[in-house]
Amino acid sequence: MIHTNSEHLYYKAQKLIPGGVNSPVRAFKSVGTSPVFAAKAYGSVIEDVDGNKYIDYICSWGPLILGHSHPLLLDSITNAAKLGSSFGIPTAAEVEMAELIVSAYSSSVDEVRMVNSGTEATMSALRVARGYTGRNKILKFEGCYHGHNDSLLVKSGSGTITYGVPTSLGITAAVAHDTIVAPYNDIEAVTAIFEAHSHEIAAVIVEPVSGNMGVVSATIEFLQALRDLTATHGAVLIFDEVITGFRLAYGGASEYFGIAPDMICFGKIIGGGLPVGAYAGKRAIMDVVSPVGGVYQAGTLSGNPLAMAAGITQLKYLRDTATIYADLDAKAAYLESGINTILRELNLNFTVNRVGSLLCLFFTSHKVTNYDEALTCDTQKFNIYFQSLLDQGILIGPSQFEAMFISAAHTYAQLDTTLAAIRVALNQFK
Ligand code: KE4
């Protein structure tokens, strides 16, 4: 493949944008190569600026569950744009979006507030939980990513200290001090933390299925323990459903696991590929949000009409297409089964995790149920695998610790093409 135009753009971009990209993972740094620049996309195909075509499993990191440039979404965005791109006063579309989210997650939420990213959603939800409980500490889990707000760019402290230390420059020790980090899926650890910090913990935030350490699912026992412990100790349970919301089921992980958190954060799918986020919860909690209550949160473009138009169309399609989730899961299961067959035939003992239409091939023989186990992966082998797939016209996330996203646009013929490429890529390791 020729990448002349991508290389030229990347050279220019690095002089103007930190690392040449507007989000770090796009730099392909962890896979040790230069990024390809997208020119256009349609269905499950991305074309780069050199005319190379890829079957795309990044899907904009989740939003494009129906595929790129879906005609229904294009029409909605175009029609909304003709009426105005932003007003600064309320619109009917924001009410309709709120109705869709509240009705899909009715066991957990009465009210929803739109924001412009998943980061804003989780940042705001934590502020609401702190304002609602009057407490300072939050509990998160290793390997879960909730966006780049200060309280959540924190890892577990060394030794016996339970408070966190920053994972990024620019975050104060004081902020990190109020974040406790526990191992994912570790009920005993969380129980001990609540026993030690019961009345200090404002919220527990968790990805019910993490798409940020590869794909790793919480066990239902773990989620139930979080539900019980937060209820007992008066903390707010927040499901970060930025990835899983409207993906694992129309009612997301809350429906998939049958567990109702106190608050839910959304992003990605609810905006149909346009900038979006939302946080939602029971009225008793959400009534602390300004202008009703004393927790301030605001946004110039929150509930933007173009993002609402795209998101409403996508959510209604997901709501009204009876077989959509079964079809998505069947395609992902087909890919999972095909990869496992290839691994068996090549006598490779790598691990495949799949939940719904999210999957990940881990270059480790370990089962992967938490971040420490994910870290046993041979990332050098992943990098060779990634590059081989890219050269064969298959685009997956440029990191071992991301998910493959299946969309309704992926065809079984494309899955077979993908499996053939995966066989070539894995054949290098037998
Ligand atoms: P954004 O601020 O990027 O819209 O959302 C942050 C976020 C919150 N919660 C979860 C579970 C998420 O996965 C994310 C963002 N996901 C990453 C991909 N793993 C976005 C890709 C990127 O950072 O460029």
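**Exercise 1: H11 and H14**

Work out which way H11 passes H14, left-handed or right-handed, and how the two helices are oriented in this predicted model.

*Solution.*
Step 1. Start with the handedness: the crossing in which H11 passes H14 is right-handed.
Step 2. Now find the helices. H11 covers residues 324-345 and H14 covers residues 412-426. Their axes come within 10 Å and cross at roughly 25 degrees.
Step 3. Angles under 35 degrees count as roughly parallel, so H11 is roughly parallel to H14.
Step 4. Look at who touches whom. On the H11 side you'll find, among others, Ala330, Lys331, Tyr334 and Leu335, and they belong to a set that meets H14 residues including Tyr412, Leu415, Asp416 and Arg423.
Step 5. Sort the contact residues by class: eleven are nonpolar, two polar and four charged.

**Exercise 2: H13 and H14**

H14 has another partner, H13. Which residues of H13 meet H14, and at what angle do the axes cross?

*Solution.*
Step 1. Take the geometry: the axes of H13 and H14 come within 9 Å and cross at roughly 135 degrees.
Step 2. Check that angle against the cut-offs. Over 145 degrees would be roughly antiparallel, and 65 to 115 would be roughly perpendicular. H13 and H14 are therefore oblique to each other.
Step 3. Add the handedness, which is right-handed for this crossing.
Step 4. List the contacts: Tyr385, Ser388 and Leu389 of H13 meet Ala421, Ile422, Val424, Ala425 and Leu426 of H14.
Step 5. Class by class, that contact has seven nonpolar residues, one polar and no charged ones.

**Exercise 3: H2 and H10**

Describe how H2 packs with H10, beginning with the angle and the distance between the axes.

*Solution.*
Step 1. Why those two values? Because two packed helices are described by the angle between their axes and the distance between the axes.
Step 2. H2 (residues 71-83) and H10 (residues 305-320) pack at an angle of about 150 degrees, and their axes lie 8 Å apart. That makes H2 roughly antiparallel to H10.
Step 3. H2 passes H10 in a right-handed crossing.
Step 4. For the contact, H2 brings Leu72, Leu73, Ser76, Ile77, Ala80 and Ala81. Across from them, H10 offers Pro305, Leu306, Ala309, Ala310, Thr313, Gln314 and Tyr317.
Step 5. Count by class and you get ten nonpolar residues, three polar and no charged.

**Exercise 4: Empty space**

How many cavities of 30 Å³ or more does a search of the whole structure find, and what lines the second largest pocket?

*Solution.*
Step 1. Here's the idea: rolling a probe the size of a water molecule over the atoms shows where empty space is left.
Step 2. The search finds one cavity of 30 Å³ or more. The largest cavity has a volume of about 90 Å³.
Step 3. Look at its walls. Residues lining the largest cavity include Cys360, Phe382, Tyr385, Gln400 and Met404. Strand S16 (358-362) and helix H13 (379-391) each supply at least two lining residues.
Step 4. Sort the lining of the largest cavity: seven nonpolar, three polar and one charged. You've met Tyr385 before, as one of the H13 residues that meet H14.
Step 5. Turn to the second largest pocket, which holds about 530 Å³ of space. Its lining has 23 residues, and Pro90, Glu94, Arg113, Ser302 and Gly303 lie nearest the centre.
Step 6. Helix H3 (92-104) and strand S4 (111-115) each give at least two residues to that pocket's lining. By class, the pocket lining has eleven nonpolar, ten polar and two charged residues.

**Exercise 5: Backbone details**

Is the peptide bond from Ser290 to Pro291 cis or trans, and where is Cys59 found?

*Solution.*
Step 1. Omega is near 10 degrees for the bond from Ser290 to Pro291, and this bond is cis. Pro291 sits in the loop between helix H9 (283-286) and H10.
Step 2. Cys59 is in the loop between strand S3 (53-56) and H2. Its phi is near 50 degrees, a positive value in a residue other than glycine.

Notes
Residues numbered from 1 in each chain as written. Predicted model: local features only at pLDDT ≥ 70, side-chain atom pairs only at ≥ 80, totals over all residues. Heavy atoms only, no water. Axes fitted to C-alpha atoms, helices over the stretch in contact; angles between N-to-C directions. Helix = DSSP H or I, 4+ residues; strand = E, 2+ residues; numbered from the N terminus. Left-handed = near helix turned anticlockwise from the far one by under 90°. Contact = heavy atoms within 4.5 Å. Nonpolar A, V, L, I, M, F, W, Y, C, P; charged D, E, K, R; others polar. 1 Å grid on protein atoms, 1.4 Å probe; cavity = no way out; pocket = protein on both sides within 12 Å on 5 of 7 lines; lining within 4 Å. Points joined across faces, edges and corners; volume = space filled by probe spheres on them.
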